[in-house]
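Student: I've got the sequence and the model open. Can we talk it through?

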Protein chains: 2
Amino acid sequence: MLKYILLGFIWQKPSTGYELKQVLDNSTGYFWHAYHSQIYTTLRKLEQDGLITTHIKNGNDHLTRRICRITPTGQDELLEWLNDPLMETSKMKEDLLVRVFFSGVRSTPEVEAELRLQRKLHEQRLEEYLDLADQDDDALCSNPPEVPAAELGEFYQAAILQFGVAYEKMYLNWLDSLITELEKV
Amino acid sequence: MLKYILLGFIWQKPSTGYELKQVLDNSTGYFWHAYHSQIYTTLRKLEQDGLITTHIKNGNDHLTRRICRITPTGQDELLEWLNDPLMETSKMKEDLLVRVFFSGVRSTPEVEAELRLQRKLHEQRLEEYLDLADQDDDALCSNPPEVPAAELGEFYQAAILQFGVAYEKMYLNWLDSLITELEKV
DNA sequence: GTCTGCATGTAAACAGTTACATGATTGA
DNA sequence: TCAATCATGTAACTGTTTACATGCAGAC
């Protein structure tokens, strides 16, 4: 999966591993996290498979940057993957749900404290998403859409943000009602 | 993580690997999937670490079953894990979001078709959750709660189901509004 | 002088998936 | 006879995480 995310971003703009890590952390990273170690090893593999080419660029400073560019083969591979539709739902892995599921043996105040901490974290996450949405709105106002293809990409990316917002709101509502019910006990 | 799920279920009731697979598929499997291969290897590891004991039981039939029981060490390990609260949100991995994110290069009808398929799958999933919730309601009516500890466990498990329902409703709403907006284009 | 950011990687360990493998019973 | 269910496992592979490793520049 990370393979396709990297191809997608490199196609949009030739990038270094470091840049890919940054861009991931502020966009797809919210629903597909990756450590820099995995990014660099995946990039090496993409290069070996001929899906990207890389070349080292020494700037006027001491730093060595390795810029990755997508090859036509890489573009084909990404398009092929996109055109092969998902036939199942993806498998959710939610640590908190597992913990709550087996929390019958725990003391209620401890569970409550954990839920409140999660509430705080999800509230922060919601704020981040809303900030990102505001930035997008500003960008759309100052740069009126010109290229239709790029516009469609932005439309999808905005839709993803809306998912994030809806998800966090749902999560907060669920935590709130669970906390309220626990307080009654 | 699977380690703790298995310990949790074995504590509730000594079970075989096969039974654990069944029970997982119809409860925690919705938010923490595992293949039988992983279940069996994890059980062997739990045994080696002294967290469970197993003994082979030959029934009146040809079948060989290996029943797993939790040890006091295993109980301690699970309690310790539960009492160490989660300090971050868990990392979401949603294949569909990645695909939509990079769908600017795809033809709109193809994206729409994929979204409609996902809509169907999530609708089915919601139905499954609602059926499970109905079963729970029935069970609560016919078996009035007697043991408070067990009752608390059921309360948490019902809360998890409510999460599942809220999640699928949110997902369906998001898919619907995305499909509607795509149709306008 | 120590911490943060830039920038790159490798190695080892752990988790998860797919495929292989066996063998009896029951129902269509 | 063919497929499904019960019941167990191993092997190989892929993906993910944690830890190790380096080194300069600029701020405090």
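Student: What area is buried between chain A and chain B?

Tutor: Buried area here is the accessible area (1.4 Å probe) that two parts lose on being put together, summed over both. For chain A and chain B, carbon and sulfur atoms give 71% of it. In chain A, A:Phe101, A:Tyr156 and A:Phe163 lose the most area to chain B, together 12% of what that side buries. The total comes to about 6900 Å².

Student: Before we go on, what are the ground rules?

Tutor: This is a predicted model, where local features need pLDDT of at least 70, side-chain atom pairs count only at pLDDT 80 or more, and totals for chains, interfaces and linings use all residues. Residues are numbered from 1 along each chain as its sequence is written, chains are lettered from A and ligands numbered from 1 in the order written, and side-chain values use heavy atoms, with hydrogens and water left out.

Student: How many residue pairs are in polar contact across the interface of chain A and chain B?

Tutor: A polar contact is a pair of N or O atoms within 3.5 Å; within protein, one must be able to donate a hydrogen and the other to accept it, and residues adjacent in sequence count only if both atoms are side-chain atoms. Salt bridges (a side-chain nitrogen of Lys or Arg within 4 Å of a carboxyl oxygen of Asp or Glu) number zero between these two chains. For polar contacts, with both residues at pLDDT 80 or more, the rule finds 24 residue pairs.

Student: Which residues touch the most other members of the largest nonpolar core?

Tutor: Such a core is a set of buried (under 20% relative accessible area, 1.4 Å probe, protein chains only) Ala, Val, Leu, Ile, Met, Phe, Trp, Tyr and Cys residues joined through side-chain atoms within 4.5 Å. Leaving aside neighbours within four places in sequence, one of the two has contacts (heavy atoms within 4.5 Å) that include A:Leu96, B:Ile160 and B:Phe163. Of the 104 residues in this core, the ones asked for are A:Trp174 and B:Trp174.

Student: Which residue forms a salt bridge with A:Lys45?

Tutor: A:Lys45 counts as exposed (over 50%) because its relative accessibility is 52%. Its partner, at 43%, is partly exposed (in between the buried and exposed limits). The closest N and O atoms are 3.4 Å apart, and the partner is A:Asp49.

Student: How far apart are the closest N and O atoms of A:Asp176 and A:Arg119?

Tutor: A search of the whole structure finds 21 salt bridges over all chains. A:Asp176 and A:Arg119 form a salt bridge, and the separation is 2.5 Å.
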